[in-house]
Amino acid sequence: MQVKTDIDLSKKTSFGIGCIVPICYFPETIEDVIWCKKKFLNAPIIGEGTKVLVNDKANIPVLIDMSEFDSSYNVEDNIVFVKSGMKTRDLVTFLYNVNLSGLEFLAGVPGLIGGAVIMNAGTCGKNISKFVQEVNIINELGEVEILKNKELKFKRRYSTLQNKKVIVISVKLKLDYINIQNTYDVLTSYIKEREKLPKGKSAGGIFINHHTLKNYNLDGFSYGDAYLKGNFIINKGKATTQDILNLIRIIKNTVKEPLELELQLIGCKEIV
Ligand SMILES: Cc1cc2nc3c(=O)[nH]c(=O)nc-3n(C[C@H](O)[C@H](O)[C@H](O)COP(=O)(O)OP(=O)(O)OC[C@H]3O[C@@H](n4cnc5c(N)ncnc54)[C@H](O)[C@@H]3O)c2cc1C
């Protein structure tokens, strides 16, 4: 396992915002993850950093970064076991190559498969939860535990994993067999659809119930170097964590209905 010092999280997160972490562990094996969990129960965990807002002023002594973790897979008929270090976009390509279908809607979605399950990633009304059978985690005691789909209580962009101090190590997915031409067309249509998404440094969608925003004319609302475009908050370049949180607050105060946050906060307790 690699251990690196003074990691600048602003260079890692898709928001381009973060603090310097003195010690960062990069587990590669299940044994590494168990060791990390036993030693640093409360340490924040990060995957590819595409759904997180990290406090740029936080004092995070230790971080566990899953981006070097095992990304191997195993296929048995239409069941795929995939380790949580695999990139979601690579999984989509791999499934296409082995004639398995279902997750085309995740084509082009950034992040690792661990993060995708935790966030119940999806597009166009489809979510990964429909295909998840089981998730293997390292629990708070540093033990391997298998959680069935029902136990994860998936909702739009939510699973109970978000409230637990556990580390996802692998996922068991049940896919369909494909019709090659049809799946190719479906894949390309999802990729084309993504071209319409706002460009710039962001963490993807900010609010789970973002359809509510459509009733208000909030595009362009800004605070400091952060502005809203659709359901994305974009960092123009120098936005701070506080800018993002202030903008979220302004949007929430403007919209009459309660808005549920999709973004995951790291080290932000003291400023939320
Ligand atoms: C431009 C852009 C477009 C996007 N489009 C979409 C989209 O279309 N649909 C969609 O659903 N999402 C989208 N996202 C959001 C994001 O890509 C997904 O939520 C992704 O699955 C998150 O994976 P990650 O590895 O980056 O997780 P991170 O952002 O690193 O982490 C997310 C959360 O999971 C936790 N975590 C991560 N890995 C583990 C692990 N192995 N064990 C335990 N906890 C862990 C973190 O602590 C954090 O709370 C988009 C983001 C961007 C920047």
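Which residue stands opposite Ile46 in E5? In this model, which is a predicted one, the residue facing Ile46 is Asp65 in E5. I'll start with the chain, go on to the sheet that holds this pair, and finish with the ligand.

First, the chain as a whole. It has 5 helices and 18 strands. Its radius of gyration is 19 Å, close to the 19 Å that the globule rule gives for 272 residues, so the chain is as compact as a globular protein of that length. Along the principal axes, the C-alpha atoms fill a box of roughly 50 × 45 × 30 Å. Of the 272 residues, 41% are buried. If we take the contacts in the chain with a separation of 6 or more, 65% of them are between residues 24 or more positions apart.

Next, the domains. The chain is divided into three parts: domain 1 covers 2–68, domain 2 covers 73–194, and domain 3 covers 210–266. Between domain 1 and domain 3, the C-alpha centres are 25 Å apart. Their contact involves 10 residues of domain 1 and 9 residues of domain 3. On the domain 1 side of that contact, there are 6 nonpolar residues, 2 polar and 2 charged.

Now the sheet. It is open, has 4 strands in the order E1-E2-E5-E3, and its pairing is mixed. Which strands stand at the edges? Those are E1 and E3; each has a single partner strand, so one side of each is left without a neighbour in the sheet.

Let me go across it in order. E1 is residues 2–8 and E2 is residues 20–26; these two pair antiparallel, over 6 bridges. Within that pairing, Gln2 stands opposite Phe26 in E2, and Lys4 stands opposite Cys24 in E2. Is E1 buried or in the open? Of its 7 residues the number buried is 0, so E1 lies largely in the open.

From E2 we step to E5. These strands run parallel and are joined by 3 bridges. One facing pair here is Ile23 with Val62 in E5. The last step is from E5, residues 62–65, to E3, again parallel, with 2 bridges. That brings us back to Ile46 and Asp65, the pair I opened with. As a general reminder, strands of a sheet pair through backbone hydrogen bonds, either parallel or antiparallel.

Last, the ligand. There are 31 residues around the ligand. Which of them come nearest? They are Gly47, Gly111, Gly114, Gly115 and Gly204. The elements giving two or more residues to this shell are strand E3 (45–46), helix H3 (113–118), strand E9 (122–123) and strand E13 (167–174). H3 supplies the largest share, 4 residues. By type, the shell is 15 nonpolar, 14 polar and 2 charged residues.

Where does the ligand lie with respect to domain 1 and domain 2? Both domain 1 (2–68) and domain 2 (73–194) give residues to the shell, so the ligand lies between them.

To put the two halves of the talk together: E3 is an edge strand of the sheet, and E3 is also among the elements that give two or more residues to the shell around the ligand. The other edge strand, E1, has 0 buried residues out of 7. That is what I have.

How values were computed
Residues are numbered from 1 along each chain as its sequence is written. This is a predicted model: local features need pLDDT of at least 70, side-chain atom pairs count only at pLDDT 80 or more; totals for chains, interfaces and linings use all residues. A residue is near a molecule or strand if its C-beta atom, placed from the backbone, lies within 6 Å of it. Ala, Val, Leu, Ile, Met, Phe, Trp, Tyr, Cys and Pro count as nonpolar, Asp, Glu, Lys and Arg as charged, and the others, Gly among them, as polar. Domain bounds come from an automatic or database domain assignment. The radius of gyration is taken over C-alpha atoms; the globule rule is 2.2 Å times the number of residues to the power 0.38. A residue is buried if 20 or more other C-beta atoms lie within 10 Å of its own, exposed if 12 or fewer, and partly exposed in between; C-beta atoms are placed from the backbone. Two residues are in contact if their C-beta atoms, placed from the backbone, lie within 7 Å. Two strands pair if DSSP finds at least two bridges between them.
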